[in-house]
Amino acid sequence: MSGVKVGVVGAGYVGLTTAVCLAERGLDTACVDLDAAKVDRLNAGDPVIDEPGLPLLLRSGLAARKLCFDTDYAALADCDVVFVCVPTPSGADGAADLRAVESAVDTLGRVLTAPAVVALKSTVPVGTTRRMAARLRDRGLSVASIPEFLRESHAIYDFRNPDRVVIGSETPRAAALLRQVYGVGSQRTFEMSPESAELAKYASNAFLAVKLSYANSLARLCAHAGADIADVTRCMGADVRIGGHFLQPGPGWGGSCLPKDTAALLHAGRDAGVDLPEVAAARTTNDVQAERIASTLQRLLPDALPDARITALGLTFKANTTDVRDSPALRVCGGLTAAGAQVSGYDPRLGSIDPATLHRCGVVGVDDPYVATKGANAIVVLTEWSQFRDLDWPSIAEQAPGAVVLDTRNLLSRDAIAGTGLRYLGNGTVGGY
Ligand code: UGA
C-alpha cells in the first residue's frame, strides 16, 4: 500500500492505537496532538499510556520511520486520509461536546489538499459527519464516519482483529480508500450512510450497558432467590441469540465511553422526540449499584459504616488499565467515605493514578495490599485484577480477623476465602449479596 499517507489527530487510546497499527501495516503515518510534552515523549518511544503491545509497535514504527508525532497540523498536509480521534465528552445536559472535533475539522480544512478524506473516529452524534462534510465541501475534501469499537486494554488486538469495520460515507472514493487502508475482508466491512454509522456506535455501546445492567439486576435477584448468577448467565450465554459476553456482574459499569455514550444517545432521543426507556433504565440501575454495596456493608458490619475501616481492592474502571475515568470502583469508594467510613485503596497500578483523584473520593491510596487490608472490617473487591486471587489470604485473615470480603466481581474462590475464617459474600451468589 505504498504511496498512501495517513494522518491521525489525537494521541489518546484510540488515536495512538490507530497510528501505531497503521504504521505497522506499512503506511506512512503522522500523528498530531496539541500536547507538546506528550508528542516529545512519543517521539522518544515512550508510549504514554498503558496498553498491551503498544510500546513495541510504537518503537518499531519510529525506528522504521513509518511513524512520527507532531504538534503542528502542517505535518498532515500531504495526507490522503486523516483520522480524527479527539474526545467528545458529555456536556451538562448529556449532549456530546463537539468543540474538539469541530476545531480539528476546521484546521484540517485549512491544511489538507483535495481530494483528501477526513475520517471521524471520535464518537459523534448523528448528523455530525454530514455537517462537517458541508464545512469542507468547497475545499474538495470529503468527510466519512468510521466509528471505533476497540476496548481499552485490548486495543491493539481489537484493531488487528476487528469484528467489523464500519464505513459511513456518501463518497465512493472515500469509502474505497478507507477499505484499502484497513485491508479487512469484505465480510467484516459494513458500508452505510454516515448517519447509520454514527448511530451504530452509540447503539452498540448502549446495548452493552443494557446487558450489563440486566446482569447486575439479575445478580441481585439471585442473592435473594438462592440462585447463582454464574449458573444463570452461563445458561443464558449458551444461547447464540444472547451470547455469553458482558454478563459478568460487577460494581456497575464505567469507563470513558459507556456512561457518556448512553447519556448522548438519550439526549439525541429527547431531541428527536423518541424515548429510549431501555437505555434510561440501564443508567438508573447503574446509578444504584454503589448504594447496593454500601447498604450491604451497613447491614453486615456490627458498628455500621461511620466507624468502619474498609479496604478497596482495585480502583481502575476495569482490570489491566491505569484508567480511572468514571471508575465504578471510585464511585463505590466515594459513597462509603460519604457515609463516614475510612477507605484505603490498593490497586496494582496505584502509581499511575493521580493522587488528587483519590483524594476527591476520600480514598487513602496504599501501595501494598497487606498494609491496605491490615485491621480492615471489610475488604471490597472492585476491579477484576487476577492477582487478587493470588494474595496470601490466610495472612490477610490474620491481620484483619473477622473481616467481611465483599467480592463485587466474583473473582475469588468462596471456599478459599471462607477457609481462612473471613466471611465471604459474592455478587448474586448463594449466601452472597
Ligand atoms: C467500550 C466498548 O466495549 C468498546 O467496544 C468501545 O469501543 C469503547 O467502549 C469505546 O466506545 O471507545 P471500554 O470503555 O474499553 O470499551 O470498556 P469495556 O471493556 O467495555 O468495559 C466497560 C465497563 O463494563 C467496565 O466498567 C467493565 O468493568 C464493565 N464490565 C464489562 C462488567 O461489569 N462486566 C462485564 O462482563 C464486562
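# Questions on a predicted model

User: Is A418 buried, partly exposed or exposed?
Analyst: In this predicted model, the relative accessibility of A418 is 42%. Buried requires under 20% and exposed over 50%, with partly exposed in between. At 42%, A418 therefore counts as partly exposed.

User: Which helix holds A418, and how far is its C-alpha from that of V405?
Analyst: A418 belongs to a helix that covers residues 414-418, namely α17. V405 is 13 residues away along the chain. The C-alpha atoms of A418 and V405 are separated by 9.1 Å.

User: How many helices and strands does the protein have?
Analyst: The protein contains both kinds of element. The counts are 17 helices and 14 strands.

User: Why is the protein described as being as compact as a globular protein of its length?
Analyst: For 433 residues the globule rule gives 22 Å. The radius of gyration of the protein is close to that, so the protein is as compact as a globular protein of that length. Along the principal axes the C-alpha trace spans about 70 × 50 × 40 Å. The radius of gyration behind the comparison is 23 Å.

User: What percentage of the contacts between residues at least 6 apart in sequence join residues at least 24 apart?
Analyst: Of the 433 residues, 54% count as buried. Among contacts between residues at least 6 apart in sequence, the share that joins residues at least 24 apart is 71%.

User: How far apart do the centres of the positive and negative side chains lie?
Analyst: The protein has 42 positive side chains and 48 negative ones. Each set has its own centre, and the distance between the two centres is 3 Å.

User: What share of the exposed area do carbon and sulfur atoms supply?
Analyst: The protein exposes about 18,800 Å². Of this area, carbon and sulfur atoms supply 53%.

User: What distance does helix α12 reach from its first C-alpha to its last?
Analyst: Helix α12 runs over residues 289-300 and has 12 residues. At 1.5 Å a residue, 16 Å is expected. The reach of α12 is close to that, at 17 Å.

User: Which residues of α12 are buried?
Analyst: An α-helix has 3.6 residues a turn, so residues three or four places apart point the same way. In α12 the buried residues are Q289, A290, R292, I293, A294, T296, L297 and L300.

User: Is V6 buried or exposed, and which residues does it contact beyond its neighbours within four places in sequence?
Analyst: V6 sits in strand β1, residues 5-9. Its relative accessibility is 0%, so V6 counts as buried. Beyond neighbours within four places in sequence, V6 is in contact with L22, L27, D28, T29, A30, C79, V81 and V181.

User: Which residues does T262 contact, leaving aside neighbours within four places in sequence?
Analyst: T262 is part of helix α10. Because its relative accessibility is 1%, T262 counts as buried. Its contacts outside the four-place window are A206, A209, W253, V279 and R283.

User: Which residues does M236 contact, leaving aside neighbours within four places in sequence?
Analyst: M236 lies in helix α9. With a relative accessible area of 16%, M236 is buried. The C-alpha of M236 is 26 Å from that of S153, 83 residues away along the chain. Outside the four-place window, M236 is in contact with Y214, L218, I242 and L247.

User: How far apart are the C-alpha atoms of R188 and R164?
Analyst: R188 is in the loop between α7 (172-182) and β8 (189-192), and at 36% relative accessibility it counts as partly exposed. Its contacts beyond four places in sequence are N161, P162, D163, R164 and V165. R188 and R164 are 24 residues apart along the chain, yet their C-alpha atoms are separated by 4.6 Å.

User: What is the form of the peptide bond from A114 to P115?
Analyst: P115 lies in the loop between α4 (99-111) and β5 (117-120). Most residues other than glycine have a negative phi, and most peptide bonds are trans. The bond from A114 to P115 has omega near 0°, and its form is cis.

User: What are the phi values of F246 and N320?
Analyst: F246 lies in the loop between α9 (229-237) and α10 (258-272), and N320 in the loop between β9 (309-313) and α13 (328-338). F246 counts as partly exposed at 35% relative accessibility, as does N320 at 44%. Both phi values are positive in a residue other than glycine. Phi of F246 is near 60°, and phi of N320 is near 65°.

Terms used: Residues are numbered from 1 along each chain as its sequence is written. This is a predicted model: local features need pLDDT of at least 70, side-chain atom pairs count only at pLDDT 80 or more; totals for chains, interfaces and linings use all residues. Side-chain values use heavy atoms; hydrogens and water are left out. Helices (H or I, at least four residues) and strands (E, at least two) are DSSP runs, numbered from the N terminus. The radius of gyration is taken over C-alpha atoms; the globule rule is 2.2 Å times the number of residues to the power 0.38. Buried means under 20% relative accessible area, exposed over 50%, partly exposed in between (1.4 Å probe, protein chains only). Contact means heavy atoms within 4.5 Å. Accessible areas come from the Shrake-Rupley method with a 1.4 Å probe; for residues, only the protein chains shown count as cover. Lys and Arg count as positive and Asp and Glu as negative; His and the chain ends are not counted. The place of a charge is taken as NZ of Lys, CZ of Arg, CG of Asp or CD of Glu. The expected span of a helix is 1.5 Å times one less than its number of residues.
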